[in-house]
Every structure is written in C-alpha cells, then in structure tokens.
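Grab the model, open your viewer and work through these short exercises with me. Each one gives a task, then a solution in steps.

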Amino acid sequence: MSDIQPQSVDLLIEARWVVPVEPHGVVLEDHAVVVDADRIVALLPIAEARRAYVPRESVRLPEHALLPGLVNAHTHNPMTLLRGLADDLPLMTWLQEHIWPAEAKVIGPEFVRDGVELAVAEMLRGGTTCANENYFFPDAIGATYRKLGFRAVVGLPVIEFPTAWARTQDEYFERAGEVHDSFRSDVLVSTAFAPHAPYTVSDESFARIRVLADQLDIPVHLHLHETAHEVEEEKKKSGLRPFQRLQQLGLVNDRLIAVHMTQLTEGEIAACAEAGVSVVHCPESNLKLASGFCPAEKLRRAGVNLAIGTDGCASNNDLDMFGEMRTAALLAKAVAQDAAAFDAASALHAATLGSARAMGLDASIGSIVAGKQADLAAVRLSDLETQPLFHVASQLVYATGRHQVSDVWIAGRRKLADRHLVDMDADAIHARTRAWRERIAEH
C-alpha cells in the first residue's frame, strides 16, 4: 500500500481521447487532464488520475476528444455585426465602397462592445478560446474580452488617415500607449501593434512601431501581400515589393505576424523562415475575396510557423475554426498539387500551438501540457456525421462540425457546458444584434 495521499485539485476531465498537440500527431486514449486553479497540473491515464487526485469537480467525456482550445490568429471581431452586408465583391471594392462607409456611420465603443460579445458567443460554441484582434477602439475591445473572461491579443491600430479612434499619427501612438498600459498586467488580455497594411501605413509610422514593439516586447500584426494588386501598387510607388519594404524598415523579425501572404517568392519564404516570421493563413476569406492562395505547404516545409485565422465576419462570413482548418488543409493540397500536403495533424497544430506561437503565447496555451493555462475544448465524436471513427485527428479536421463542441474551459473556468453558454445571456445578445441590424440597414 502506498503512503502517498491523493492530491486535492479543482477539476478532473476524463476523456475517451486527448489530443495534446505536443507531441505532434499524438492521440491518447482514456486519459485525464488534471486542472487546479487556472493551470493544467497533469495529463495521465484515467485510472492513474483517479488514484492520484481528489477533484472538487469531475467531468466525464466518454464519447469526446479533448483538445487545446482553438486559437484564431486573425480576427476583426466587432465586424461580426457586419456579417453578410457586402458579399461577392473584390477586396478593394468591398473595402472602400461598402465596409469603410458602413463602419464610418456606426463605429464607436458600443458597436465594438456588442460585436465582440456576439463574436465571443460564436467562438465559444465553436471551441475557440483565444483571438488575435485587429480593430479600432481597442480599449473597448479589451474591456469586453476582460469582462467575458475570454483570452485575446488586442491590436493597437495604426493607419495614416483619420478615424473615429484617432485623428493624427501622434494620436494613434499616444492612444496605443494608453491602451497597452491599461492591459499590462492582465491575465487574459494582452496587446500587439496592428498597423493596417503597407499601403495604408507610412515608413515613419513603421519606424516608430519597430522601436516601440521592441521596447514593449509585443508583436506586430498586419495584413501583408494579401493580393497581387497590393504588390504591384507598391512596386510602382517605391520600386519594392511590400515585404522588401518591411525588410528595409527592420520589421521582418520574430515579432511579425504576417496575415494572408498569398503572393510570395521562394526568397521571401526563406526570409520568413530565417527571421522567425509567423504567417497567418486565412483561406476562406482569401477564397471569398479572390485574393489568392497562400503557399501553406511551402511555408511549412521551409520551417515557417504557420497559424490559422478566420478574418472578420464581413469577409468570411463566420468564426468557425473547424471549417477553417478543413479548408486550409484541402486548399494546401490543391496548391501544392500533393495529397499528402498539410496533413490533419499539421492543420490542428496551426490552429492551436502555431497560432499561439504567432501571438507570443505558446508558453501559456496551444497544447495540453502540465504548467500551461487550462484552455480546453471537448468535441463529441459520437454523432452520425463522425462515424465510423478510425483516426481522431483526421476526423476532427475533415469531418467534424463546430456544433459538436460540447464544453469549453478558459483558464480553468468553464465557459460552455453541454452546448450552453455558462455566463453569457444569449437572448440579450440576440436583441442587441437585431437592433444593430436595423440601424445598419437604415444607411
């Protein structure tokens, strides 16, 4: 008989399968995740967990896969309120003639708050526990994420024209500093610089961002090489491709979160790998706006950290990371002309640990490892749509729908319980969303 006494912990989650993401491609059968406070204490077989721990709460998931919460590496979540407003249009027409004018009429702290709340409800119901946010009024965005207990990196916007958020270059930077300071010690909400894109941000602003990002130790999150048009316009203007321009400005480094990247040379791919750049693949938005194809498999083989993002609901039109994983994997095969490209385990890695690494959060989230934050999602795999089951990772990427997400935890706190939002009022979110729909439709 052992003299060792079982350890008291907050939570024991027993699952038919656990997909820890680290080690890569591993699926563990009949394992338990032990959680105390906000952290993962252990991952071990269920029988051993029952002997070693006395939990205050036990959750048994006999038909489920437990995986790290999905990490959406590029979002404009207030734009959830613009879902479906202007579809089937090319990027610049969509942006300049529809989205920007609509935003100008309604944008403000209330719009941002209500859009983020709708987005959080959607993300939780789809197994997403963290978002990399890029939008105006980051103070209101961050405050909303904090109130809802949702993990986020909030972008500090910089763009060269006046908006409702800031009027001048100096004001963008002053307000960025204020917002960063307000979340400096927050457990769930952190910040990144979010210059919109090379075609809307000056060299002077980029130079300031490079210095401040180093000083504040935060990432730089921007749209880059989204379309062939963007690249050609920059070449006419400066004689450089946008990526080359950022290289000259010292921004191509391991802080850079480069979103879209549909137009890349072999040399640029190699430079990303050497510099430690993270590339966020947004396949469904790129397809819908006919922006081009990110060479995901070439990037992966070169050793570039790949992340996955949905982009905003005005250009996707959802925040479904299961759908995004599937599209990313399928599209990568077609682009590489290789059926073995970007396999299921790689897609799952990109949507979890790869996205966390892009955001500088991989020490805390993105895999089920002792010591990390307990951001977890349970997926019921007993539905007819995911039967028969031969390979768990393949089923998660190629057959599973987000409606099969049953339970979600962020920092050890349950946010979704058997498909029900734990601490959010779905009826109130519906009512506010309808009110915004009426207001936006009037313009």
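## Salt bridges and a sheet

Start with D36: its relative accessibility is 27%, which makes this residue partly exposed (buried is under 20% relative accessible area, exposed is over 50%, and partly exposed lies in between, with a 1.4 Å probe and protein chains only). Before going on, note that this is a predicted model, where local features need pLDDT of at least 70 and side-chain atom pairs count only at pLDDT 80 or more, while totals for chains, interfaces and linings use all residues. Residues are numbered from 1 along each chain as its sequence is written, and side-chain values use heavy atoms, leaving out hydrogens and water.

**Exercise 1.** Find the salt-bridge partner of D36 and place both residues in the fold.

*Solution.* Step one: recall that a salt bridge needs a side-chain nitrogen of Lys or Arg within 4 Å of a carboxyl oxygen of Asp or Glu. Step two: R56 fits, with its closest N and O atoms to D36 3.5 Å apart. Step three: R56 sits in strand β4 (residues 53-68) and D36 in strand β2 (residues 28-36), 20 residues apart, so the pair links distant parts of the chain (strands are DSSP runs of E, at least two residues; helices are runs of H or I, at least four; both are numbered from the N terminus). Step four: R56 counts as exposed because its relative accessibility is 55%.

**Exercise 2.** Which residue forms a salt bridge with E57, and how exposed are the two?

*Solution.* First, the partner is R414, with the closest N and O atoms 3.3 Å apart. Next, the link runs from strand β4 to strand β15 (residues 413-417), across 357 residues. Finally, E57 is partly exposed at 34%, and R414 is partly exposed at 27%.

**Exercise 3.** Work out the strand order of the open sheet and what lies at its edges.

*Solution.* Begin with the order of the eight strands: β3-β2-β1-β4-β13-β14-β15-β16, with mixed pairing (two strands pair if DSSP finds at least two bridges between them). Then look at the ends: β3 (39-45) and β16 (420-421) each have a single partner strand, so one side of each lacks a neighbour in the sheet. Now zoom in on β15 and β16, which run antiparallel and are joined by two bridges. One bridge pairs L416 with L421 of β16.
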